[in-house]
Amino acid sequence: MSQYKVHRVRFIQHKPKATISAALDVNCNPPRLAVSLDDGSIEIRDPSNHFMVDITIPGQNGRTAEHLAWNNGRLFSGGLNGQIIEWDLKNLVPKYSEDSCGGPVWCLKFNHKKNLLAAGCEDGSVRIFKLMSHGLNYERSLHKQESRILSLAWSKDDANLVTGGFESTIRIYNFESGQIVSRITTDGKGDENTMVWAVEVMDDFTVVTGDSKGCTQFWDGHTGTLLTSFKSHEADVLTLAPCDEEVYSSGVDGKVVQFNSRLVDNEKKWTMNKNIQLTDYDIRALVCFKNPQTDRNFVIAAGVDPYLYAVPTNKLTIAKMKKYFNTPTDVCQVAPDANQLLYRSNNKLNLWQLESNQDLSLKESKQLLEINCDGDDHIFCSALSACGKYVCYSTIGKSRLFEIEQSPLKLNKIYRSLPPLSKIAFTPDSRYMVGVTFAKKLHLVDFQNENEFELSISKIKISLPYRFLKVANDNETIGLVDAESNIFIFRISESGLEYASQVPSVSDKISSFTFHPQSSRIMLSTSAKDVFEFDYKEGKFTTWLFDLNDAGIFKKLSRDHHLLNQVCVNPVNPSEIFVQAFNEFGKLLENATVDIQSKETEDQPVTKKAKKSMNNPLKTINSFKKLLHFSFNNQGEMITVEIPQSFKEMLPLPLKRKRYQK
């Protein structure tokens with residue numbers, strides 16, 4: 001590979017987000033996994049496509065999502081502010097919020113008929129809400145207990161509710177009467193209460209609990225008697241996940257334990273089967289997922305550390321484990337002309353000037369300014385102009401546009417009638433700023449003539465929310481990618497904005513999208529780890545990448561199962577195309593070829609011998625770790641942003657274990 005100057009940025013203290021809870025929507029095709037994070041944001045992921053993030057609901061100061069629940073495509077959350085929220089997954093805002101009437105909400109669960117929602121509250125009550133097409137209606141409260149409800153579950157016939165609490169007690173309610181029909185007391189240590197963090201009910205009314213003693217216990221729900229108890233963990237069991245006739249548990253020790261049931265003398269017995277140590281940190285969320293493509297069951301775990309783990313249930317081993325780092329791909333933007341880097345966190349923007357060979361006074365990077373966002377809403381999107389003169393950000397509620405004066409360095413607010421924007425981009429000549437709103441409108445700001453234009457796109461079949469918004473190097477072509485991975489082309493003219501065309505769709509979801517710097521072509525990668533090139537003037541795909549996709553060239557790039565995050569072209573040498581994954585990137589030359597004999601089909605897969613002898617046109621580098629950003633400036637210098645290894649110092653301390661050595 002040729003030599004390049006690299007701006008290797010490792011000074012940004014990016015703190016990865018911890019997982020609070022997770023819920024799987026099995027009624028959607030493909031299934032969707034909702035993950036709530038510790039900053040109040042919620043991610044909707046596709047577990048069938050390498051856990052690709054389809055939707056991100058931005059967080060808000062003071063708002064948490066302690067528990068999530070799906071109901072036929074509708075997502076609900078309960079938090080410590082005492083509100084139950086149904087989320088608008090298109091506009092990324094609450095549809096409405098309902099007061100729990102019982103303080104902070106610690107757990108949420110729908111019954112099996114999907115018409116009633118039970119909320120476990122701080123005041124010791126279980127509040128029942130009826131689901132309507134327009135919202136939730138408060139129905140009643142079950143018999144109140146002495147302390148907060150930490151966990152709850154419905155029986156298979158919805159006739160009973162089982163709750164776990166703070167004071168060493170499991171309660172079984174008759175739903176019709178609202179009264180407690182059975183009270184089960186767990187063992188405690190002296191005067192300490194045993195907290196029942198997790199409860200699940202099996203089809204035969206076996207009640208499974210996980211508690212603060214590290215025990216996973218199985219109870220007969222009919223009689224309230226203990227069937228069997230396992231000291232399965234070194235510390236608190238925080239979460240349980242049933243899967244057919246199996247149950248999985250995990251918690252503070254970062255271990256996942258599998259339990260199986262079997263018949264012994266015509267009596268059902270539970271045994272502790274396998275376990276796997278996924279991490280040293282707390283695991284707070286555990287769900288079971290059946291991949292519709294392979295028809296295999298997986299257990300999915302996430303917690304304090306920024307990884308999401310997926311392990312097949314039939315092979316619960318480290319060798320079969322896949323882990324996905326929670327890495328946002330749009331928190332960094334580069335001004336390629338000014339050689340500046342913008343980093344976005346929840347409530348502020350930081351602008352850095354990168355070092356330069358031309359300016360001897362810039363021997364190292366320095367921070368130019370910091371822009372703080374007022375209000376509680378977190379910053380949702382941001383953009384920096386190529387010349388470094390303009391910067392814009394938006395929250396769900398408002399947008400702000402600034403002009404940066406270089407000498408002396410000064411930040412001036414530009415007062416424009418900007419609506420809240422979902423995606424923002426500047427033209428390469430920095431004359432225009434383009435934004436797209438949730439109300440399906442394209443907004444254009446002309447800095448040269450001090451004009452604003454707006455184009456309604458509501459008549460075009462565009463699905464919300466949007467994935468990408470980019471502007472080509474001709475300074476007039478705009479590309480917009482919607483939720484269904486459809487690509488729409490718009491143009492900037494002297495009279496404003498106009499719709500041009502729609503690009504033929506690809507079969508998989510688009511994971512990255514960019515324009516070629518010196519031609520009328522679009523470069524994109526998909527969730528299947530394929531790369532395509534489309535000429536929007538000629539209206540056709542270029543064919544040279546088809547053979548590379550068939551040979552699985554780009555699938556070899558990301559051996560750690562992560563998606564392709566970026567496809568970019570060297571502006572100094574446009575024949576060089578770079579493809580970036582999480583821990584590595586690769587380079588290939590335009591119109592590169594691969595041996596026809598090495599092409600892989602369903603009937604005839606490529607043999608190991610053929611793969612070794614194949615001339616791979618993609619040259620890879622894996623010395624970069626945990627890449628937040630990869631791009632070029634206009635001098636052809638690489639800019640990489642890596643998450644420093646010191647990020648673990650920002651995490652809470654893991655469970656202290658005894659370490660033995662010789």
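**Notes on cavities, strands and hairpins**

1. The structure holds three cavities of 30 Å³ or more. Bear in mind as you look around that this is a predicted model.

2. Start with the largest cavity, which has about 60 Å³ of space in it. Which residues line the largest cavity? They are Lys17, Thr19, Val35, Leu37, Glu43, Arg45, Pro306, Tyr307, Leu308, Tyr324 and Asn326. Strand 3 (32-37), strand 4 (42-46) and strand 28 (307-312) are the elements that each give two or more residues to this lining. Sorted by class, the lining has six nonpolar, two polar and three charged residues.

3. Now hop over to the second largest cavity, with about 40 Å³ of space. Its lining is made up of Ala22, Leu33, Val35, Ala285, Leu286, Val287, Ile300, Ala301, Ala302 and Leu308. Here the elements giving two or more residues are strand 3, strand 26 (283-291) and strand 27 (296-303). By class you get 10 nonpolar residues, with no polar and no charged ones. Try finding Val35 and Leu308 on screen: they line the largest cavity and also the second largest one.

4. Next, have a look at strand 44 (residues 487-493). How many of its seven residues are buried? Five of them are, so strand 44 is mostly covered, buried meaning under 20% relative accessible area. On one side of the story is strand 43 (residues 477-481), which runs antiparallel to strand 44 and is joined to it by five bridges. Within that pairing, leucine 480 has phenylalanine 488 of strand 44 as its bridge partner. The two strands form a hairpin with five residues between them, and serine 485 in the turn has a positive phi of about 65°.

5. Strand 44 also pairs with strand 45 (residues 496-503), in the antiparallel sense and over seven bridges. If you want a pair to click on, phenylalanine 490 stands opposite tyrosine 499 in strand 45. A hairpin makes the link from strand 44 to strand 45, through two residues.

6. Here's another hairpin to trace: strand 12 and strand 13, with four residues between them. Strand 12 covers residues 126-131 and strand 13 covers residues 136-141, and they pair in the antiparallel sense over five bridges. Lysine 130 has asparagine 137 in strand 13 as its bridge partner.

7. A UniProt record is worth a mention too. In an unreviewed entry, UniProt lists residues 142-183 as "repeat: WD". In the model, this span is 0% helix and 52% strand, and its end C-alpha atoms lie 14 Å apart.

8. Further along the chain there's an open sheet of four strands, in the order 30-31-32-33, with antiparallel pairing. Which strands sit at the edges? Strand 30 (332-335) and strand 33 (366-372) do, each pairing on one side only. From one strand to the next, the twist averages 20°. Inside this sheet, strand 31 (residues 340-344) and strand 32 (residues 348-353) pair in the antiparallel sense over five bridges. Arginine 344 has leucine 349 in strand 32 as its bridge partner.

9. Last stop: leucine 628, which lies in strand 54 (residues 627-632). Is leucine 628 buried or exposed? It counts as buried, because its relative accessibility is 4% and the cut-off for buried is under 20%. Leucine 628 and lysine 90 are 538 residues apart in sequence, while their C-alpha atoms are 26 Å apart in space.

Methods:
Residues are numbered from 1 along each chain as its sequence is written. This is a predicted model: local features need pLDDT of at least 70, side-chain atom pairs count only at pLDDT 80 or more; totals for chains, interfaces and linings use all residues. Side-chain values use heavy atoms; hydrogens and water are left out. UniProt positions are given in the numbering used here, feature names are shortened, and annotations may be inferred rather than shown by experiment. Two strands pair if DSSP finds at least two bridges between them. Axes are lines fitted to C-alpha atoms, for helices over the stretch in contact, and angles run from 0 to 180 degrees between N-to-C directions. On a 1 Å grid over the protein atoms alone, a cavity is a set of points where a 1.4 Å probe fits but cannot get out, and a pocket is an open set with protein on both sides within 12 Å along at least five of seven lines; lining residues have an atom within 4 Å of a point. Grid points are joined across faces, edges and corners, and a volume is the space filled by probe spheres set on the points. Ala, Val, Leu, Ile, Met, Phe, Trp, Tyr, Cys and Pro count as nonpolar, Asp, Glu, Lys and Arg as charged, and the others, Gly among them, as polar. Buried means under 20% relative accessible area, exposed over 50%, partly exposed in between (1.4 Å probe, protein chains only).
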